[in-house]
Amino acid sequence: MTKLINPTFHDPLITLIEPTWFHHLWVATGTTTVLFSLTNAVFYGATDSYTCLKTIFAGFIGYLFVDLGSGVYHWVFDNYGDSSTPILGSLIEAFRVHHDQPWAITKPPFASNLYLAARAITHVVPPVNLMWHDRPVVMGFVGVFSGFLLFALQIHAWAHESKGKLPAMVVALQDAGVVLAQSRHAAHHRSFDRSYCIVSGVWNRVLDESKVFEGLEKVVFFVFGVRPRSWSEANSGGTVADA
């Protein structure tokens with residue numbers, strides 16, 4: 001039976017449960033899938049310097065794409081639909097709850113944060129690995145993209161955790177700008193119309209200054225008459241878990 005860790009907190013996406021073997025199995029298969037891609041990228045990409053450089057570049061593009069994708073995903077679920085939306089309603093509600101209680105994302109165990117992405121990776125990536133396992137450029141892109149996707153929710157959680165509770169390696173990655181830091185993500189909870197990217201946050205400044213999402217919101221409103229929640233939603237105040 002699933003054991004609630006903190007039954008007083010409610011979040012329909014980030015369920016505070018003690019992970020079962022089912023969660024750990026998905027994390028294991030997802031991690032194995034990512035490692036398969038990365039291993040093949042290294043093995044086949046090391047044949048010569050030119051191939052190596054192409055593989056590294058492909059990995060970097062994967063890194064950029066996963067952050068951009070996280071921003072688009074975050075923007076859509078933050079602004080449109082509600083709990084009654086078919087199929088996606090629980091996810092949309094989870095984003096709304098997160099705005100009310102942003103620090104609560106730090107509470108779930110590690111496997112609980114990873115298993116949804118791991119399950120998606122396990123279903124989608126293996127066919128790519130089988131068909132293009134000897135193509136280091138493809139493996140470099142897929143390995144890095146899926147690797148950061150696997151940890152996306154956990155990276156987001158770390159951005160809400162006090163630094164004193166984080167592993168030194170995570171703090172170093174945040175300080176280096178490799179993964180999302182509190183300083184980059186806090187802007188989103190001060191104003192919900194910006195800083196949507198939650199993997200590294202590298203796209204946030206570009207997207208915010210160019211008003212890409214603001215423009216898309218105006219198009220959606222003009223075509224469908226639907227207002228995004230960011231036009232009226234108040235900020236959530238504190239964003240970091242208690243030390």
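Is Phe 141 buried or partly exposed, and what is its relative accessible area? In this predicted model, Phe 141 has a relative accessible area of 27% and is partly exposed, because a residue counts as buried under 20%, as exposed over 50%, and as partly exposed in between. The paragraphs below begin with the protein as a whole and then return to this residue and its ring partner.

**The protein as a whole**

The protein is built from 10 helices and 0 strands, and, read from the N terminus, its elements run α-α-α-α-α-α-α-α-α-α. Of the 243 residues in the protein, 45% are buried. When contacts between residues at least 6 apart in sequence are considered, 68% of them join residues that are at least 24 apart. The surface that the protein exposes comes to about 12,800 Å², and carbon and sulfur atoms supply 68% of that area.

**Annotated transmembrane regions**

An unreviewed UniProt entry carries the annotation "transmembrane region" for residues 20-44, 56-76 and 137-159. In the model, residues 56-76 are 100% helix and 0% strand, with end C-alpha atoms that lie 31 Å apart. For residues 137-159 the end C-alpha atoms also lie 31 Å apart, while the span is 91% helix and 0% strand.

**Aromatic pairs**

Across the whole structure, a search finds 15 aromatic pairs. One of them joins Phe 65 and Phe 141, whose ring centres are 5.9 Å apart and whose planes meet at 75°, so the pair is edge-to-face, given that planes over 60 degrees apart are classed in this way. This pair links distant parts of the chain, since Phe 65 belongs to helix α2 and Phe 141 to helix α5 (residues 136-150), 76 residues apart. Phe 65, like its partner, counts as partly exposed, at 46% relative accessibility.

Phe 110 and Phe 151 form another aromatic pair, which is tilted, with 5.8 Å from centre to centre and 55° between the planes. Here too distant parts of the chain are linked, with Phe 110 in helix α4 (residues 110-131) and Phe 151 in the loop between α5 and α6 (152-158), 41 residues apart. The table gives the accessibility of the four residues in these pairs.

| Residue | Relative accessible area and class |
|---|---|
| Phe 65 | 46%, partly exposed |
| Phe 141 | 27%, partly exposed |
| Phe 110 | 42%, partly exposed |
| Phe 151 | 30%, partly exposed |

Ring pairs also link Trp 75, Tyr 80, Tyr 196 and Phe 213 into a cluster.

**Helix α10**

Phe 213, a member of that cluster, is also one of the buried residues of helix α10, which are Phe 213, Glu 217 and Val 220. Seen down the axis of α10, these buried residues fall within an arc of 65°, so they line one face of the helix. They pack against α2 (49-79) and α9 (204-209), whereas the face of α10 turned away from the buried side carries the exposed residues Phe 222 and Val 223.

The length of this helix can be checked by a simple calculation. Helix α10 covers residues 212-224, and at 1.5 Å a residue its 13 residues should span 18 Å, which agrees with the 18 Å between its end C-alpha atoms; the expected value is 18 Å because the rise is multiplied by one less than the number of residues. After α10 comes Gly 225, whose phi is positive, near 75°.

Terms used:
Residues are numbered from 1 along each chain as its sequence is written. This is a predicted model: local features need pLDDT of at least 70, side-chain atom pairs count only at pLDDT 80 or more; totals for chains, interfaces and linings use all residues. Side-chain values use heavy atoms; hydrogens and water are left out. Helices (H or I, at least four residues) and strands (E, at least two) are DSSP runs, numbered from the N terminus. Buried means under 20% relative accessible area, exposed over 50%, partly exposed in between (1.4 Å probe, protein chains only). The arc is that of the directions from the helix axis to the C-beta atoms. Contact means heavy atoms within 4.5 Å. Rings of Phe, Tyr and Trp (its six-membered ring) pair if their centres lie within 6.5 Å; planes under 30 degrees apart count as stacked, over 60 as edge-to-face and the rest as tilted. UniProt positions are given in the numbering used here, feature names are shortened, and annotations may be inferred rather than shown by experiment. Accessible areas come from the Shrake-Rupley method with a 1.4 Å probe; for residues, only the protein chains shown count as cover.
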